[in-house]
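Me: I should be grateful for a close look at a single part of this structure. Please take one strand and describe what surrounds it.

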Amino acid sequence: MGVRSRILATFVVGSLLLSGVLFFLTFTLTRTNLREQEGELGLSNDLINETLNSVRASLILATIITVLVGLMLGIVSSERVVRPLAGAANAARAIADGRLDTRLEPTDDPDLNALTESFNDMVARLQDRVERDARFASDVSHELRSPLMTLAASVEVMVSRRDELPERGQAALDLLVADVARFSSLVEDLLEISRYDAGAVRIMRDQLRVAEFVEQAVRASTLARSPIHIDQRCTTTTLSGDRRRLARVVANLIDNARLHGGGSASVHVCPAADSNSHVWIVVEDAGEGVVDTDTDRIFERFSRGVGASKRGASEGAGLGLALVREHVRLHGGRVWAESRRDGESGARFIVELVCETAAP
Ligand SMILES: Nc1ncnc2c1ncn2[C@@H]1O[C@H](COP(=O)(O)OP(=O)(O)OP(=O)(O)O)[C@@H](O)[C@H]1O
Ligand SMILES: [Mg+2]
């Protein structure tokens with residue numbers, strides 16, 4: 001039973017008990033008085049019964065009114081008690097959605113003030129902690145950036161003189177090149193994520209022709225020869241978006257197809273299934289597909305699907321899809337993963353974006 005129902009029940013039962021006791025006492029006293037005075041005043045039995053009947057009727061009416069008043073008071077009081085709780089629940093929901101500057105309004109009720117103050121205090125600390133964590137990731141990435149650039153430049157010099165190295169040195173250099181590249185991309189991803197956390201992301205909007213843009217992004221990706229299918233209805237579709245970030249979205253999905261999806265990808269551009277004002281960019285592969293229970297989780301930070309380690313694709317940090325989701329959200333769109341629809345094995349990542357020129 002909820003708090004509201006409990007308060008209501010208390011009021012109703014209380015008023016019932018009160019009016020029941022009053023009913024019993026008033027009726028018994030009246031009857032005793034009348035019976036005592038029956039002889040003295042010479043009241044007839046019929047008159048006494050009639051009087052008792054009208055007293056009983058009045059008492060029943062009074063009981064009903066008392067219970068109704070009790071019910072109304074119960075409703076008003078339960079509303080008053082529950083309102084601050086509903087306020088706290090709404091605030092907690094807003095905080096969970098990332099609005100960390102949400103606070104409860106102070107009240108003039110001293111009992112509630114203690115709750116309000118400790119709630120606001122807790123949120124202030126949480127906000128401070130989250131901001132400190134975000135700053136930490138950003139500071140660390142910044143600090144790592146310059147030595148990493150020096151390292152990358154030195155490695156480049158060594159690569160240009162690779163032939164002069166002995167065979168074992170060449171193998172070590174290759175490992176170093178791969179690791180420096182991986183490290184650089186991890187630091188860049190961390191910096192980008194911390195920009196989102198700090199709310200310091202500035203979107204640079206351009207008017208993009210979706211078909212052309214996707215073609216360029218795929219050609220610049222690690223699977224540049226991937227087939228691209230543009231739906232007839234989307235040849236003239238445009239959208240307003242951040243070219244660099246949307247290109248990263250396509251590049252990350254293609255990288256994933258290469259590393260986790262069997263090594264090949266095909267890209268489709270088509271109108272969204274249920275909306276004329278949205279366009280889909282779909283990246284499909286022919287790998288094992290994403291395990292059902294993973295389809296949401298893989299978009300979380302540092303989350304790597306159960307298959308990743310099995311397939312030996314150990315390079316990733318698990319930030320790629322988290323960034324894809326942030327970039328797509330920044331554009332007011334959404335992204336999700338599912339199995340291929342043609343019955344073949346493989347994953348299908350769908351990016352849904354608002355388009356300006358709706359497909360005809
Ligand atoms: N096309 C795909 N097919 C099957 N599993 C995939 C596919 N794409 C991603 N995954 C799973 O989702 C996980 C998370 O992907 P995400 O891109 O975020 O990280 P990553 O590729 O492991 O590392 P990073 O992208 O940071 O280098 C992967 O580890 C993999 O298990
Ligand atoms: Mg990835």
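Reply: Two residues are said to be in contact when heavy atoms of each lie within 4.5 Å. By that criterion, and leaving aside residues up to four places away in sequence, Leu-253 touches Val-283, Leu-321, Val-324, Phe-349 and Val-351. The model discussed here is a predicted one. Strand S7, which spans residues 347-354, is the part chosen for this answer.

The burial of the strand comes first. Seven of the eight residues of S7 are buried, so the strand is largely enclosed by the rest of the structure. Buried here means under 20% relative accessible area.

The neighbouring strands come next. Strand S5, residues 278-285, pairs with S7 in the antiparallel sense over seven bridges. Within this pairing, Val-283 stands opposite Phe-349 of S7. Strand S6, residues 334-339, also runs antiparallel to S7, and six bridges join the two. Here Ser-339 has Ala-347 in S7 as its bridge partner.

The side chains may be considered next. In soluble globular proteins, nonpolar side chains tend to be buried together. In this model the largest nonpolar core has 35 residues, and those touching the most other members are Val-214, Leu-239, Leu-253, Val-279, Phe-349, Val-351 and Leu-353. At least two residues of this core are supplied by each of helix H5 (210-219), helix H6 (243-260), strand S4 (265-271), S5, helix H8 (320-330), S6 and S7. H6 provides the largest share, six residues. Phe-349 and Val-351 are also among the residues that Leu-253 touches. A second core, separate from this one, has seven residues, including Ala-88, Leu-100, Leu-104 and Phe-119.

Finally, there is the ligand. H6, H8 and S7 each supply at least two residues of the shell around ligand 1. This shell has 19 residues, of which Asn-256, His-260, Asp-285, Leu-319 and Leu-321 come nearest to the ligand. Leu-321 is also one of the residues in contact with Leu-253. Several polar atoms face the ligand as well. A nitrogen atom of ligand 1 lies 2.7 Å from an N or O atom in the side chain of Asp-285. An oxygen atom of the ligand is 2.8 Å from a polar backbone atom of Leu-319, and an oxygen atom of the ligand is 3.2 Å from a polar backbone atom of Ala-317. Taken alone, ligand 1 exposes 590 Å², of which the protein buries 92%.

In summary, S7 pairs with S5 and with S6, contributes to the largest nonpolar core, and supplies residues to the shell around ligand 1.

Note on methods: Residues are numbered from 1 along each chain as its sequence is written. Chains are lettered from A and ligands numbered from 1 in the order in which they are written. This is a predicted model: local features need pLDDT of at least 70, side-chain atom pairs count only at pLDDT 80 or more; totals for chains, interfaces and linings use all residues. Side-chain values use heavy atoms; hydrogens and water are left out. Buried means under 20% relative accessible area, exposed over 50%, partly exposed in between (1.4 Å probe, protein chains only). Helices (H or I, at least four residues) and strands (E, at least two) are DSSP runs, numbered from the N terminus. Two strands pair if DSSP finds at least two bridges between them. A nonpolar core is a set of buried Ala, Val, Leu, Ile, Met, Phe, Trp, Tyr and Cys residues joined through side-chain atoms within 4.5 Å. A residue is near a molecule or strand if one of its heavy atoms lies within 4 Å of it. A polar contact is a pair of N or O atoms within 3.5 Å; within protein, one must be able to donate a hydrogen and the other to accept it, and residues adjacent in sequence count only if both atoms are side-chain atoms. Accessible areas come from the Shrake-Rupley method with a 1.4 Å probe; for residues, only the protein chains shown count as cover.
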